[in-house]
Amino acid sequence: MSNKATILDVQELDAGYGRSQVLAKVDFKAPATGGIALLGRNGAGKSTLLKTLIGEIQPMQGTIWFDGQNAHQHGTEWRVRRGMGYVPQEQSVFGKLTVRENLLLGAVRQKDKSGIDMVLDFFPKLGQRLEQTAGTLSGGERKMLAIGRALLGKPRLLMLDEPTEGVWIGVIEEIAERLRALTAEMSVILVEQHVELALRVADYAYVMDRGTMALQGPAGDIKDDPRLLRYLAP
Ligand SMILES: Nc1ncnc2c1ncn2[C@@H]1O[C@H](COP(=O)(O)OP(=O)(O)OP(=O)(O)O)[C@@H](O)[C@H]1O
């Protein structure tokens, strides 16, 4: 990785569910700005890693340094306040509330609501749907709304778990372009099944295999690495 300032530094992380260990000795870093792709076949441990980083899962071992502080002593709220943003894989919008109401909830801690205009500039499609309930949006629009809400928290590290899952190809490109733009301003960690797209958005990539980090390097190198296909094969 380049010598840009590091915002996230994960060392020898073990984590899992109850007694079942999923992650083993995971080392992972993210710079203050730039895109990181997190790849690997189904079940490799990508979502588990993001959930551990945001504090939904307590690590069994290892350290998570975020912004120079040991996040271990702190829960999800501290991490979000300190600048972590997280868009989970599962639906993360309120279906019965309108687009506007969903965004207002994302900005609830801010006195200044101008962040909402910034999100609408960023995803103009949402502006056309402001009074529509989120449950009536297309899959792609819902993903945009979830990303928009996360952006309202003014994250410095944005973690996205499969933001293009179930989204129509035309909208996938729009989301990818937006995420690429965000990498200039913040650290973006992207878990994706669309490998080619992820490697376009990201500058650097990690590939997981059965709970371990199997491969890492600049996105351009990983794209051409013959081992990539092996780690992605079902
Ligand atoms: N809540 C849970 N309780 C127990 N085991 C779980 C739980 N969630 C995930 N696992 C297991 O942890 C392992 C890693 O799952 P994880 O969701 O992190 O993989 P992933 O790489 O994100 O896969 P996908 O691409 O399918 O989302 C899998 O074996 C999975 O069955």
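Helices (H or I, at least four residues) and strands (E, at least two) are DSSP runs, numbered from the N terminus. The structure is a predicted model, in which local features need pLDDT of at least 70 and side-chain atom pairs count only at pLDDT 80 or more, while totals for chains, interfaces and linings use all residues. Residue numbers start from 1 along each chain as its sequence is written.

**Exercise 1.** Place L157 in the fold and state whether L157 is buried or exposed.

Solution. Step 1: L157 lies in strand β7, which spans 157-161. Step 2: apply the burial cut-offs, by which a residue is buried if 20 or more other C-beta atoms lie within 10 Å of its own, exposed if 12 or fewer, and partly exposed in between, with C-beta atoms placed from the backbone. L157 has 24 C-beta neighbours inside 10 Å and therefore counts as buried. Step 3: list its contacts, two residues being in contact if their C-beta atoms, placed from the backbone, lie within 7 Å. Leaving out residues up to four places away in sequence, L157 touches I7, L8, A30, G83, M84, G85, M186 and S187. Step 4: check a distant pair. L157 and V188 are 31 residues apart along the chain, and their C-alpha atoms are separated by 5.8 Å.

**Exercise 2.** Describe the overall dimensions and content of the protein chain.

Solution. Step 1: the protein chain holds 10 helices and 10 strands. Step 2: its radius of gyration, taken over C-alpha atoms, is compared with the globule rule of 2.2 Å times the number of residues to the power 0.38. The value is 17 Å, close to the 17 Å that the rule gives for 234 residues, so the chain is as compact as a globular protein of that length. Step 3: along the principal axes, the C-alpha atoms fill a box of roughly 45 × 40 × 35 Å. Step 4: 43% of the 234 residues count as buried. Step 5: of the contacts between residues at least 6 apart in sequence, 67% join residues at least 24 apart.

**Exercise 3.** Derive the strand order of the open sheet of four strands and identify its edges.

Solution. Step 1: two strands pair if DSSP finds at least two bridges between them. Step 2: strand β1 (residues 6-17) is joined to β2 by eight bridges and runs antiparallel to it; G16 stands opposite Q21 in β2. Step 3: five bridges join β1 to β4 (residues 61-66), again antiparallel, and D9 has W65 of β4 as its bridge partner. Step 4: β4 and β5 pair in the antiparallel sense over two bridges, with Q69 in β5 as the partner of F66. These two strands form a hairpin with two residues between them, and D67 in the turn has a positive phi of about 55 degrees. Step 5: the order is β2-β1-β4-β5. β2 and β5 (69-70) are the edges, each with a single partner strand, so one side of each is left without a neighbour in the sheet.

**Exercise 4.** Which residues surround the ligand, and which elements supply them?

Solution. Step 1: a residue is near a molecule if its C-beta atom, placed from the backbone, lies within 6 Å of it. The shell consists of Y17, S20, V22, G40, N42, G43, A44, G45, K46, S47 and T48. Step 2: β2 (20-31) and α1 (46-54) each supply at least two of these residues, and α1 gives the most, with three. Step 3: sort by class. Ala, Val, Leu, Ile, Met, Phe, Trp, Tyr, Cys and Pro count as nonpolar, Asp, Glu, Lys and Arg as charged, and the others, Gly among them, as polar. The shell has three nonpolar, seven polar and one charged residues.

**Exercise 5.** Characterise the largest nonpolar core and the surroundings of A37 and L199.

Solution. Step 1: a nonpolar core is a set of buried Ala, Val, Leu, Ile, Met, Phe, Trp, Tyr and Cys residues joined through C-beta atoms within 7 Å. Step 2: the largest has 67 residues, of which I36, A37, L38, M159, L190, A202 and A205 touch the most other members. Helix α6 (residues 139-152) contributes the largest share, seven residues. Step 3: beyond four places in sequence, A37 touches L190, E192, A198, L199, V201, A202, A205 and A219. Step 4: L199 belongs to helix α8 (residues 195-201) and is buried, with 24 C-beta neighbours inside 10 Å. With the same sequence exclusion, its contacts are A37, A205, A219, I222 and K223.
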